[in-house]
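Work through the exercises below with the sequence and the model in view. Each task is followed by a solution in steps.

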Amino acid sequence: MAFKRTYKPFGKQAILIEWNAVIHEDILKDILFFKDQLLIKRKGVYTDIIVGYHSLTIKLKAEVIDFYKEIEELKSIYTSKVKNHTQKKYIWEIPVCYDLKFGIDLEEMSNKSNLSVKEIIQLHSEKNYRVFFIGFLPGFLYLGGLDAKLHVARRLTPRLDVTKGTVAIGGAQTGIYPLDSPGGWNIIGKTPIQLFDPKKENPCFAKAGDKIKFTSVSVEEFHQLEKEVIQNKDIISKTVLND
Amino acid sequence: MIRVLKAGFYTSIQDKGRTGFASIGIPVSGAMDRYAADLANHILNNSLEDALLEITFGGCVLEFSTATYISISGGDFSAKINNIPILLNARIKIHKNDVLSFGNIKFGARCYVAVKNGFLTERVLKSRSFYKGITSSFLIKKDDLLPISSSPSDLEQSTTSIKILKIHFTSQELKCDEGPEFNLLNDIQKKQIKNQVFTISNLNNRMGYQLKEPIKNYLPQLLTSAVLPGTVQLTPSGKLIILMRDCQVTGGYPRILQLSRNAINELAQKTTGNNIQFTFN
């Protein structure tokens, strides 16, 4: 199925391709399909391809002289898409310790809702979340699929120093802070996993289209895993995602 | 080696930045004024990829423990070697134990110190550009030791400097194109953006410049999508933010303008209280 798209120049050195302005997995799939085609068929032509909820932004090496020609080229790549060009997708299991020691906003969230702390943890960890794209901070995953019962407004005053690995909820989104950063989301736990490691050849294991599953671990398990991460052991388990 | 005796207001190592990593959320970074940085490297016959020191408003004092050549381009903060004024945009021979310092701010906001063959600080994800969370330091600190290569002796000190166009520092006009959401604006908003002389607020840094004069804003926020260095965003409060080299890769505010390549360089030489006006190609 072909989705409706619009193409427009974004300054002199980039092209913005937009789909209908809705957050939907089918649109994401089509965006990633197109991106994979471009990575293969026009290898080395673009400096960066940035995915958004309903957009693909293509950065070119030099200023574009003929946008019409460039856009026609992109359109023909979209329509000539071949099936077997998609990258393998994975479900990543992220261990999270939801102990109140880390989940410092869990009790407040529970007081404001009809849910017990236990129910919040269960709702958060029983679902798989789709990675729509990565932005905001290096390695920050935009995740879709948070249960509506867990939607809770951001805190009125952001905290200045949220430590990396913190798992939190802000509005209709849940996420993991990949770096120490200021943040206004409600903190529900912490993972020992490094979402972003600039020393690795591939600094962020997850990519747009993958899924994330949070698994609840105890404080003891958290500290054990933390040690293994420091020793550089590969502790993240993944399974191939067929969809 | 270069020893940092005083760090200055905001000093960092920069090169052309990181490309190819936007899909994992990594900003481009790199020299704010690429025109000035390229010029400084050119003067030393360096590669344009070589890393330089980006110095905001001077204030920094450096001691060389290696003989080399340097050139300084961009803003004029009265650079001196051993307290003797030196030329900008010229090749300067440096002897062991020479001290580079700065004085009064004459024009511009950022200058670039190139050394022969570039600074050799750590390279992370194909770039030496400092960025918090990527490189181990994000600012130069007192007592830092900055590695440089021992200089080959094939250069000559210049006795004249390259003349640069002052308009790079003084022009109020920033050339731009309409951004992806420009057409969501009504005629009054468009007119204001085209005619208003804007003032740079004190919220200006390597990530972005916020402007003082608000635009009445009725636009909704958007689904998060890509932003670029030079993208002008209209925030819910009506304030405009011009994104700069360290900006995030995605954002949710309407992208109403996109600065030209050179306009980003020109803006990098402006600071709090300076005026700007957008002109359209």
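Angles here run from 0 to 180 degrees between N-to-C directions, with axes fitted as lines to C-alpha atoms. The model is a predicted one.

**Exercise 1. The four-stranded sheet of chain A**

Task: State the strand order of the open sheet of four strands in chain A, and find which strands are at its edges.

Solution.
- Step 1. The order is S1-S2-S4-S3 in chain A, and the pairing is antiparallel.
- Step 2. Strand S1 (6–9) and S3 of chain A are the edge strands, as each of them pairs on one side only.
- Step 3. With direction ignored, neighbouring strands of this sheet are turned by 15° against each other on average.
- Step 4. Inside the sheet, strand S2 (residues 14–18) of chain A runs antiparallel to S4(A), and five bridges join the two. A:Ile15 faces A:Ile58 of S4(A) there, standing opposite that residue.

**Exercise 2. Helices on this sheet**

Task: Say which strands H1(A) touches and which strands H2(A) lies across.

Solution.
- Step 1. H1(A) packs on the sheet and touches S3 and S4 of chain A. The direction of H1(A) makes about 170° with that of S3(A).
- Step 2. H2(A) lies across S1 and S2 of chain A, and runs at about 45° to S2(A).

**Exercise 3. Checking the length of a helix**

Task: What span should helix H1 (residues 25–41) of chain A have at 1.5 Å a residue?

Solution.
- Step 1. The expected span is 1.5 Å times one less than the number of residues.
- Step 2. For the 17 residues of H1(A) this gives 24 Å.
- Step 3. The end C-alpha atoms of H1(A) are 24 Å apart, which agrees with the expected span.
- Step 4. The buried residues of H1(A) are A:Leu28, A:Asp30, A:Ile31, A:Leu32, A:Phe34 and A:Lys35.
- Step 5. These buried residues pack against strand S3 (46–51), strand S4 (55–60), helix H2 (67–79) and strand S6 (128–134) of chain A.

**Exercise 4. Two domains in chain A**

Task: Give the bounds of the domains of chain A and describe the side of domain 1 that touches domain 2.

Solution.
- Step 1. The domain assignment gives domain 1 (6–85) and domain 2 (89–241) of chain A.
- Step 2. Taken over C-alpha atoms, the centres of these domains of chain A are separated by 30 Å.
- Step 3. Seven residues from domain 1 of chain A and six residues from domain 2 of chain A take part in the contact.
- Step 4. H1(A) gives the largest share of the domain 1 side, three residues.
- Step 5. By class, that side of domain 1 of chain A has five nonpolar, one polar and one charged residues.

**Exercise 5. Where chain A meets chain B**

Task: How many residues of chain A are in contact with chain B, and which element gives the largest share?

Solution.
- Step 1. The contact joins 30 residues of chain A and 24 residues of chain B.
- Step 2. S2, S3 and S4 of chain A each give two or more residues to the side that touches chain B.
- Step 3. The largest share of this side, five residues, comes from S3(A).
- Step 4. By class, the chain A side has 19 nonpolar, eight polar and three charged residues.

**Exercise 6. One residue of strand S6**

Task: Is A:Ile134 buried or exposed?

Solution.
- Step 1. A residue counts as buried if 20 or more other C-beta atoms lie within 10 Å of its own.
- Step 2. A:Ile134 has 28 other C-beta atoms within 10 Å, so A:Ile134 is buried.
- Step 3. A:Ile134 lies in strand S6 of chain A. Leaving aside neighbours within four places in sequence, its contacts include A:Phe140, A:Cys204 and B:Ile24.

**Exercise 7. Positive phi in chain B**

Task: Where is B:Asn45 found, and where is B:Ser78 found?

Solution.
- Step 1. Most residues other than glycine have a negative phi.
- Step 2. B:Asn45 is not a glycine, yet has a positive phi of about 55°. B:Asn45 is in the loop between H1 and S3 of chain B, and counts as exposed with 12 C-beta neighbours inside 10 Å.
- Step 3. B:Ser78, not a glycine, also has a positive phi of about 55°. B:Ser78 is in the loop between S5 and strand S6 (80–81) of chain B, and is partly exposed, with 14 other C-beta atoms within 10 Å.

Technical notes. Residues are numbered from 1 along each chain as its sequence is written. Chains are lettered from A and ligands numbered from 1 in the order in which they are written. This is a predicted model: local features need pLDDT of at least 70, side-chain atom pairs count only at pLDDT 80 or more; totals for chains, interfaces and linings use all residues. Two residues are in contact if their C-beta atoms, placed from the backbone, lie within 7 Å. Domain bounds come from an automatic or database domain assignment. Ala, Val, Leu, Ile, Met, Phe, Trp, Tyr, Cys and Pro count as nonpolar, Asp, Glu, Lys and Arg as charged, and the others, Gly among them, as polar. Two strands pair if DSSP finds at least two bridges between them.
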